[in-house]
Amino acid sequence: MEDNRKNILEVKNLHTYFYTDSGVVKSVDGVDFVLKEGATLGIVGESGSGKSVTSLSIMGLLTGTTGKIAEGEILLEGRDIAHISEEEKRKMRGSQISMIFQEPMTSLNPVMKIGKQLTECILQHQNISKEEAYQKAEDMLRKTGVPRVEHMMKEYPFQLSGGQRQRVMIAMALVCRPKILIADEPTTALDVTIQAQILDLMNDLKEEIGTSILFITHDLGVVAEVCDEVVVMYCGRVVEKGDVYSLFAKPSHPYTIGLLNSIPKLGEAAEELEVIPGNVPNPKYMPKGCKFAPRCSRAFDKCMEEEPGFFSIGDGHMSRCWLCEKGGV
Amino acid sequence: MLRYTLKRIVGVIPTLIIVVTFVFFFVRMIPGDPARLVAGEQATLEDVESVRQQLGLNQPIPVQYVKYVTGLVKGDLGMSLRTKRPVLTEVSARYGNTMALTVASLVWSTIVGVLLGVWSGKNRGKWQDFTGMTLAVSGISLPNFWIGFLLIMLFAVKLRWLPTTGAGSFKNLILPAITLGTSIAAIIARFTRSSIVEVLKEDYIRTARAKGLKEKTVTWGHAFRNSMISVVTVVGLQFGFLLGGSVVTEAVFAYPGLGQLLIESVNYRDYPAIQSLILIFSLQFIIINLIVDILYAILNPEIKLS
Amino acid sequence: MIGKKKAASAELNEKTDIKTPISEMIRKFKKQKNAVVALVFILFLVFLAFFGEAMAPFKINEYDYSSILQGPSSAHWFGTDEFGRDLFSRIISGTKISLAVGLSAVSVGAICGTILGLLGGYYRGIIDSIIMRICDTLFAFPGIILAIAIVAILGSGIGNVVIAVSVFSTPTFARLVRGRTLALKNSVFVQAAKNLGASDARILFRHILPGAVPEIIVQFTMSVGSSILTASSLSFLGMGAQPPTPEWGLLLANGRNYMMTSLHCTLFPGLAIFLTVLSFNILGDGLRDALDPKLTD
């Protein structure tokens, strides 16, 4: 299947390092992926895999931390946004690329009315009157399906439920009709029923506004629901990527397989749920070979010695595992 | 909001009662015989006794206490032993001067302290932070009587721009207000800085940046407003230090305020005056903290709307 | 994400070398260059307190009417006062007064406050209400005003200043320790000790108090600075040390009479107070930062 949609975002060989007192932490160490126009790309991984740092690198939100993009390119419609000025990055944020976060409870300013928080984003990027901006904000908020919109515009975040706040966050992120929406675990902190509603809402608005979504999560179940393509990250690297059908049908990296096995499945006898043994290694003491080898039940000598490159499983589906060298797991 | 305010006002009443009682008994612990003082050195024993009766000092303490409290309610603070005039007259003559001094100090120190604190906090770890916090730690370590002398030497004696002593005009207020406000400005700066540093770590600041807001808007529109909620509390507490510091500052500049009156009264053992002054100082402090509580609610929508 | 980074690096420290909280605190403290300098200066002051008077070039009350109110010179580094006494010697000799007043007053305040805070926080109920009410009342008086009131009762003098300053520093410690006690009371290890049948006194002093000690140390250091300021203010107002004691606040009050002609009489005593208080405050800041778990990086 040939995909003719154009590349809206290309991340090429991205390295983001944190320079701490006790040394350099390579949080993102050579990440490549492509987000197609109108598509939803899932980035999956445990905490510490570098997925959130990847998104902050794209947003240009590393300023003020010890983090820096050490190498690589981030192309937004072919233009490198990793090495532009702070001012250009700022203008891009919220208008071209916007982001929603995991914690809807703390991500809104507690002392500012919802309406003000929505409109200030429009006023920052568009040269229109306050009234127009307010109208736009109200329209956008209505699209997210919250009740009593006029009323809510005058309310403070503490008066809203968690689900409502996340809807406000979505409205805020989309109000300037950005090309890309980065959603960093947007449903993790919400109840399961609300989760589904929020995912549906994001899908609907994606169609309506024509934005592409970079969906960051640790939950492969959510990925199956919303994503077209998947990138699995481990220790700052991509270990497997491919379209969602191929990846779920033929997971090739033991880490992906482990993640899939740790999802409880309905209808199956309540056997012991599989877990991946061990923890993500300390970023300062990375294993020499494959980073997953110490936790991998199928690792052999070569895995400990040398880090594997990508091996194609076919149709854009790639895996960074020595087992795939000879084809297939 | 109204209920909150009322609750706060009602909550102050027990403290008021305790403070009044405390002051009453406290002052009666001052050694020396006030009747003797009033009657004078040459007075006979009979004279002293008659004065004692006049002042009601021969009555049992509980009776004196009731009289004192009923007097307070009527606005009667008693007679000054030193000037033989009502304490209320003495106090009101100087009250305005002290208020002008403390308010002027509080205003400038809040503005300067907050600006310095925000400037340091948002540039945490950089030279601005280092400069701001060095200034601040120096500010809290300076004895204010010393600052007063140095200011007098420079601006009044050497440059002859401002008067050394006295009260009544704006020019008279400048040097004392700088003297009195310095340490408060420093304390406010330190507190504002740490508050800003904390607030800048909040998720909603990341959200504000993700919206592409200018750093100025992030600082003043989002971080500042939130940090002010806690800074306001500190500014209120500082008012107590200002009242205390005013005693010393007034001494340096021979500024005719309540602090000077307190010192004169202590030296003379003029206990009705001491009693009233301590009461007025603490009342003022209590009222300011009440205002701060209400201001806190205004800044915090969660309390304002409940 | 930044938070996770920190957690990761903390874990790392655990793995690489074993660090006790105290050694960790010392390590972080050493990184604060200012605070180390301040500590060295304070140690120097302590040295002066013990040996300053003996080492001073002149006796503190050595009158010399042939050289009154002279400016700084090679013979008199800080100049002389209206009796021709050497200001440098007097200031050095005054070190022990300021340090002793600050340290003793705050020690008394800290001990009383800690005990009250432990009792209030641990037993709650009526004891707690009474203690907190007293603290509220003391807090309702601006510090110096309270001190002046106490001096008014007890009379002027440096000893009474110590009492006055301890009284108003007590509630600060009481509140601080009470807060820590409330937090630690329900912690797992205190509950465990309770279940093992430890006595209240043992729980309070062996389990809860150590948890509050770091904060007490920081508050102590900060309070010493401000107490030295308050004590010298009272002396300046004539309510503390009495002449001819070479107390710094008193030296300054004395110097004001000759301010127009002999600025050194006010300049140097003030500088001595300033530098002493400054070093205690910088040390306090350094200790606080070294103790603050939020400031790992």
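The buried residues of helix 3 of chain A pack against three neighbours in the same chain: helix 4 (130–143), helix 5 (149–152) and helix 6 (162–174). Keep in mind as you look around that this is a predicted model. Helix 3 spans residues 114–125, and 9 of its 12 residues are buried, so the helix is largely enclosed by the rest of the structure. If you would like to find these residues yourself, look for I114(A), Q117(A), L118(A), T119(A), E120(A), C121(A), I122(A), Q124(A) and H125(A).

Let us move on to the sheet in chain A. It is an open sheet of 8 strands with mixed pairing, and the strand order is 6-7-8-3-9-10-12-11. Strand 6 (97–100) and strand 11 (311–314) stand at the edges, each with a single partner strand, so one side of each has no neighbour in the sheet. From one strand to the next, the twist averages 20°.

For a look at one pairing, take strand 7 (residues 180–184) and strand 8 (residues 212–217) of chain A, which run parallel and are joined by 5 bridges. A183(A) has F215(A), in strand 8, as its bridge partner.

Helices pack on this sheet too. Helix 1 (residues 51–59) of chain A touches strand 3 (40–44), strand 6, strand 7, strand 8 and strand 9 (229–234), and its direction makes about 150° with that of strand 7. Helix 6 of chain A, which you met beside helix 3, also packs on the sheet, touching strand 6 and strand 7. The direction of helix 6 makes about 175° with that of strand 6.

Now step back to the whole of chain A, which has 11 helices and 12 strands. Its radius of gyration is 21 Å, close to the 20 Å that the globule rule gives for 329 residues, so chain A is as compact as a globular protein of that length. In chain A, 63% of the contacts between residues at least 6 apart in sequence join residues at least 24 apart.

Chain C has 11 helices and 0 strands. Read along the sequence, its pattern is α-α-α-α-α-α-α-α-α-α-α. Residues 24 or more positions apart make up 70% of the chain C contacts with a separation of 6 or more.

Here are the boxes filled by the C-alpha atoms, taken along the principal axes, with the share of buried residues:

| Chain | Box | Residues counted as buried |
|---|---|---|
| Chain A | roughly 65 × 50 × 45 Å | 46% of 329 residues |
| Chain C | roughly 75 × 50 × 35 Å | 45% of 297 residues |

Finally, some backbone details deserve a visit. Most residues other than glycine have a negative phi, and most peptide bonds are trans. Which peptide bond in chain C is cis? The bond from P243(C) to P244(C) is cis, with omega near 5°. P244(C) sits in the loop between helix 9 (200–236) and helix 10 (248–255) of chain C.

In chain B, K84(B) has a positive phi of about 60°, although it is not a glycine. You will find K84(B) in the loop between helix 4 (61–73) and helix 5 (87–122). Is K84(B) buried or exposed? K84(B) counts as exposed because it has 8 C-beta neighbours inside 10 Å, and the cut-off for exposed is 12 or fewer.

R160(B) is not a glycine either, yet its phi is positive, at about 55°. R160(B) lies in the loop between helix 7 (144–158) and helix 8 (170–200) of chain B. With 9 C-beta neighbours inside 10 Å, R160(B) counts as exposed.

Key: Residues numbered from 1 in each chain as written. Chains lettered and ligands numbered in written order. Predicted model: local features only at pLDDT ≥ 70, side-chain atom pairs only at ≥ 80, totals over all residues. Helix = DSSP H or I, 4+ residues; strand = E, 2+ residues; numbered from the N terminus. Buried ≥ 20, exposed ≤ 12 C-beta atoms within 10 Å, placed from the backbone. Contact = placed C-beta atoms within 7 Å. Pairing = 2+ DSSP bridges. Axes fitted to C-alpha atoms, helices over the stretch in contact; angles between N-to-C directions. Rg over C-alpha atoms; globule rule 2.2 N^0.38 Å.
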